[in-house]
Amino acid sequence: MKINLKKISKNGKSLMLAYDQGLEHGPSDFDDKNVDPAYILEIAKKGKYNAVILQKGIAEKYYDGKVPLVLKLNGKTKLLAGEPYSPQICSVKEAVDIGADAVGYTIYVGSKHEAKIFAEFSKIEEEAHKKGIPVICWMYPRGEAIKNEFDREILAYSARVGLELGADILKMKYNGNINDLKWVVKNAGKTKVMIAGGSKKDEKQLLQECYDIVNAGCIGMAIGRNVWQHKNPIGMTKALKSIIFDRKNVEQAMKLIG
Ligand code: FBP
């Protein structure tokens, strides 16, 4: 089934604001300002993001429908060691009732729990697509079998798995090599690719990554810490948008940070 991505993109490009780190990483990512979900939703609104990515608890208490919503359906803490598995904690129906325009699910490609993950995801994919809701997969190759999660073939394999399983968008990590990313995008076929921001980095490095990402054929970024940990989140948003939507270069974008 062809799923419409218009609600969470513009002219085939997209910039999403991720705020599920409270569950995935815990409070170590936060300061006095960004610990407050209302602060993040204000950035999402002012920055006119194509979507904000939340877990259901925060969505139920803070989301006001002013920006499109991607609701994450699974999650886990960083406290548990061992082979990764992120259990489903929200149904597609609940997500739609909360107002989700798309749903998200993390797949740990190569984990010992892969069979369980695939089975859980296939039900989500079927239900979401029946309702016409796009499915975004966080494709994270992890576990004992994965020696290097940034390896070109492992990343490309993960992208292919996303296509084969029926995801509409993949949220992946960039290993810093644009040719590798082009191969990843090719393997994703008609499934679109977005890139995560990662931990806070130098502004110029982030914008250069954004520039590569667009030039490799990705539709944009689904980014969190590099925006809401920034002293000027809206300036950083403008810079990222100028590259993704207006094809500006890094120097031009740098001037917009303020
Ligand atoms: P960031 O841009 O802050 O890295 O957020 C992207 C993201 O995919 C989040 O949605 C998620 O919480 C986190 O990264 C998971 O990253 P990891 O598993 O590498 O800690």
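Is Lys 45 buried, partly exposed or exposed? In this predicted model, Lys 45 is partly exposed, with a relative accessible area of 26%. The legends below begin with the surroundings of this residue.

**View 1. Salt bridges around Asp 64.** A search of the whole structure finds 14 salt bridges. In one of them the side chains of Asp 64 and Lys 45 meet, with an N to O distance of 3.1 Å. Lys 45 belongs to helix α2 (residues 37-46) and Asp 64 to the loop between α3 (56-62) and β3 (69-72), so this pair ties together parts that are 19 residues apart in sequence. Asp 64 is partly exposed, its relative accessible area being 40%. The side chain of Asp 64 also meets that of Lys 66 in a salt bridge, at 3.9 Å from N to O. Lys 66 counts as exposed, at 60% relative accessibility.

**View 2. A salt bridge between helices α8 and α11.** The side chains of Lys 204 and Glu 251 meet in a salt bridge of 3.8 Å, N to O. Lys 204 lies in helix α8 and Glu 251 in helix α11, so the pair ties together parts that are 47 residues apart in sequence. Lys 204 counts as partly exposed, at 42% relative accessibility. Glu 251 is partly exposed as well, with a relative accessible area of 46%. Elsewhere, salt bridges that share partners join Glu 42, Lys 45, Asp 64 and Lys 66 into one network.

**View 3. Helix α8 and its surroundings.** Helix α8 comprises the 13 residues 203-215. At 1.5 Å a residue this helix should span 18 Å, and its end C-alpha atoms are 18 Å apart, which agrees. At the N-terminal end, Asp 202 caps the helix: a side-chain oxygen of Asp 202 lies 3.3 Å from the backbone nitrogen of Lys 204. After α8 comes Gly 217, whose phi is positive, near 105°. The buried residues of α8 are Leu 206, Leu 207, Glu 209, Cys 210, Asp 212, Ile 213 and Val 214. An α-helix has 3.6 residues a turn, so residues three or four places apart point the same way. The elements that cover the buried residues of α8 include the helices α7 (178-188), α9 (225-228), α10 (233-246) and α11 (250-257). Strands β7 (192-196) and β8 (220-223) are also among them.

**View 4. Arg 160 of helix α6 beside Asn 187.** Arg 160 is found in helix α6, which covers residues 152-165. At 35% relative accessibility, Arg 160 counts as partly exposed. Arg 160 and Asn 187 are 27 residues apart in sequence, and their C-alpha atoms are 5.1 Å apart in space. A polar atom of the Arg 160 side chain lies 3.1 Å from the backbone oxygen of Asn 187. Leaving aside residues up to four places away in sequence, Arg 160 touches Lys 186 and Asn 187.

**View 5. Thr 237 within helix α10.** Thr 237 lies in helix α10. This residue is buried, with a relative accessible area of 1%. A polar atom of the Thr 237 side chain lies 2.6 Å from the backbone oxygen of Pro 233. Residues up to four places away in sequence not being counted, Thr 237 touches Leu 15, Ile 43, Gly 47, Tyr 49 and Val 227.

**View 6. Arg 225 and the residues around the ligand.** Arg 225 lies in helix α9. Arg 225 is buried yet has no salt bridge. The nearest side chain of opposite charge, that of Asp 29, is 4.2 Å away, and a salt bridge needs a distance within 4 Å. Not counting residues up to four places away in sequence, Arg 225 touches Gln 21, His 25, Asp 29, Gly 198, Ser 199, Lys 200 and His 230. The ligand is surrounded by 16 residues, the closest being Asp 20, His 25, Tyr 140, Lys 173 and Arg 225. A polar side-chain atom of Gln 21 lies 2.9 Å from an oxygen atom of the ligand. For Arg 142, an N or O atom of the side chain is 2.9 Å from an oxygen atom of the ligand. For Lys 171, an N or O atom of the side chain is 2.8 Å from an oxygen atom of the ligand.

Technical notes. Residues numbered from 1 in each chain as written. Predicted model: local features only at pLDDT ≥ 70, side-chain atom pairs only at ≥ 80, totals over all residues. Heavy atoms only, no water. Helix = DSSP H or I, 4+ residues; strand = E, 2+ residues; numbered from the N terminus. Expected span 1.5 Å × (residues − 1). Buried < 20%, exposed > 50% of the residue type's maximum accessible area, 1.4 Å probe, protein only. Contact = heavy atoms within 4.5 Å. Polar contact = N/O pair within 3.5 Å; in protein donor to acceptor, adjacent residues only side chain to side chain. Lys, Arg positive; Asp, Glu negative; His and termini not counted. Near = heavy atom within 4 Å.
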